[in-house]
Amino acid sequence: MVTTDHLRALFPDDAALKAHDPPSPIDQRNILVDGELKHWPGETVPVRSAVCVRKPDGSLEQIRLGSYPTAGIPEAMEALDAAVEAYDDGRGEWPTMAVAQRIACMQEFTRLMIESRGEIIDLIMWEIGKSRTDSEKEFDRTVDYIKATIAALKELDNSNSRFLVVEGTIGQIRRTPLGVVLCMGPYNYPLNETFATLIPAMIMGNTVVFKPPTFGVLLFNPLLEAFRKAFPPGVINTVYGRGSEIVPALLESGKINVLTLIGSSKVADHLKKMHPKVNRLRAILGLDAKNAAIVLPDADMNLAVKECVSGALSFNGQRCTALKMLIVHRDIVDDFIARLVAEVDKLKIGMPWEKSVTITPLPDLKKVEHMTRLVEDAKSKGARVLNKGGGTVCGTLFAPAIVYPVKEDMLLYREEQFGPIVPIMSFDNVETALEYVITSEHGQQVSIFSENPETIGKLVDPLVNQVCRVNVNCQCQRGPDVFPFTGRKDSAEGTLSVTDALRSFSIRSMVAAKQTEDSKRILNKIVRDHDSNFINTDFIF
Ligand code: G3H
């Protein structure tokens with residue numbers, strides 16, 4: 001059984017820590033603004049690892065990883081001005097650049113980014129406590145995403161590299177940028193999910209103000225120089241400081257054209273309203289989710305349990321797509337729970353560098369406290385933690401807790417726990433499960449487990465109108481990245497996928513002329529002499 005002492009012993013002491021070679025502290029003093037790495041002389045925010053060191057007296061201390069500029073509104077405004085100037089109302093070098101050239105800049109950036117692979121993976125692991133294997137996957141998946149984005153843009157642009165003639169009008173239609181994008185990513189996929197919006201935003205010709213997530217800031221340090229080298233000045237600018245202070249100021253300026261945020265719906269709601277002309281603001285948002293798994297009596301139990309364990313607990317349940325409520329038919333709930341407990345007991349808890357570890361330290365003590373609060377609330381209202389030692393805490397480690405029966409009056413019923421808690425409720429009639437999804441504020445995905453095609457078919461039809469992905473006999477997830485990733489209600493705005501993101505961060509614009517001899521002469525001359533980057537019939541290979 002997991003105990004506090006057992007968890008404490010999992011943290012390294014000073015000697016063990018040295019053997020695992022934590023990165024030397026990075027005291028980042030640079031802010032990337034207008035193509036320059038500007039020295040920040042002021043105060044800094046300390047960065048602590050999710051991993052604690054065990055001191056000889058048994059106390060635990062989060063390891064110091066470095067610091068980054070505190071900065072504030074003046075610096076944020078400087079970054080915004082640089083992005084506005086680089087966009088220059090659509091006249092800037094970047095928004096008017098030929099697509100092939102923008103692609104070349106992005107390829108150069110990717111090459112430089114790959115040079116820092118080891119350092120970035122280390123920082124992901126140490127900053128947020130993601131296992132080394134998953135940190136490696138995150139980096140490699142991001143590089144693949146950039147490459148796929150480049151390929152998709154080539155295809156998009158090539159398909160627009162011709163004129164259309166309709167009802168006596170000659171037209172050429174291309175996708176064009178929207179302006180200045182404010183980009184904020186989440187801590188759980190600090191590199192991948194940030195880049196899932198940042199890269200398409202940039203490659204479509206927008207200029208960017210980028211605020212790194214609360215946890216996972218230093219991993220961008222090696223990339224600042226790569227951004228600086230690969231892109232013209234002002235195309236990407238970084239901001240640091242208290243989000244609650246600087247982000248409203250950026251939006252209130254009215255100079256942000258696109259808000260892209262992977263985070264909470266409450267924050268997104270609040271921020272959107274700060275823009276003086278909301279109709280001018282496009283929002284591409286990945287928000288909260290409380291994905292349910294509906295386990296029917298005829299489910300393949302081994303499969304359902306395996307998928308639910310990994311769906312609920314991989315990376316400590318810190319995935320927006322994680323299964324956050326298991327709704328199990330009453331006839332099988334005891335059997336299901338017994339198997340689930342057995343599988344969760346087998347999960348390895350430990351430090352992120354350990355092989356096949358699943359449960360690792362959380363990035364912040366406040367997160368651990370919040371998990372405890374959620375479990376205590378459920379217990380005080382009649383639920384039990386069914387796995388021995390579930391919910392045990394030591395430092396930044398929280399042993400996964402299976403909580404049953406979760407009822408409507410408990411916080412866990414609706415709140416997105418975003419951590420290692422597995423809430424379970426049972427149902428007699430499938431309508432109860434359906435009703436749970438319908439009455440939820442969230443609408444990202446759902447998983448259904450059944451071996452009966454008729455049951456699945458009947459359930460899929462209403463569910464696809466409630467969420468944006470119904471997973472049959474498998475957990476919820478975002479990938480493959482070519483599939484649309486979105487949600488209804490408070491779960492998302494806009495769609496992300498390799499191709500959808502290119503559309504999300506751009507708008508179609510066209511050049512049109514009457515089909516006259518004069519128009520033909522003018523357009524032919526423009527194309528032949530490359531007088532325009534927009535009007536052209538070049539093919540990008
Ligand atoms: O945090 C939300 C992520 O988009 C989840 O992605 O399903 O690939 O883990 P994933």
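How do the residues of the shell around the ligand divide into nonpolar, polar and charged? I started my notes with that. The model is predicted. I counted three nonpolar, three polar and four charged residues in the shell.

**Entry: the shell**

I then listed the residues around the ligand. From the earlier part of the chain come Arg 141, Asn 188, Tyr 189 and Glu 193. I also noted Arg 319, Cys 320 and Thr 321. Gln 477, Arg 478 and Phe 485 complete the list.

**Entry: polar contacts**

I looked up distances from ligand oxygen atoms to side chains. For Tyr 189, a polar side-chain atom is 2.4 Å from a ligand oxygen. For Thr 321, the distance from a polar side-chain atom to a ligand oxygen is 2.7 Å. Arg 141 has a side-chain N or O atom 2.8 Å from an oxygen of the ligand. Next I checked cover. On its own, the ligand has 300 Å² of accessible area, and the protein covers 96% of that.

**Entry: the pocket**

I asked which space the ligand takes. The ligand occupies the second largest pocket.

**Entry: the domains**

I looked up the domain assignment of the chain. It gives domain 1 as 76–286 and domain 2 as 291–480. Their C-alpha centres are 32 Å apart. In the contact between them, domain 1 supplies 16 residues and domain 2 supplies 15 residues.

Last, I went back to the ligand. Which domains contribute to its shell? Domain 1 and domain 2 each give at least three residues.

Conventions
Residues numbered from 1 in each chain as written. Predicted model: local features only at pLDDT ≥ 70, side-chain atom pairs only at ≥ 80, totals over all residues. Heavy atoms only, no water. Near = heavy atom within 4 Å. Polar contact = N/O pair within 3.5 Å; in protein donor to acceptor, adjacent residues only side chain to side chain. Areas by Shrake-Rupley, 256 points an atom, 1.4 Å probe, with all protein chains shown as cover. 1 Å grid on protein atoms, 1.4 Å probe; cavity = no way out; pocket = protein on both sides within 12 Å on 5 of 7 lines; lining within 4 Å. Sits in = over half its atoms within 2 Å of the grid points. Nonpolar A, V, L, I, M, F, W, Y, C, P; charged D, E, K, R; others polar. Domains from an automatic or database assignment. Contact = heavy atoms within 4.5 Å.
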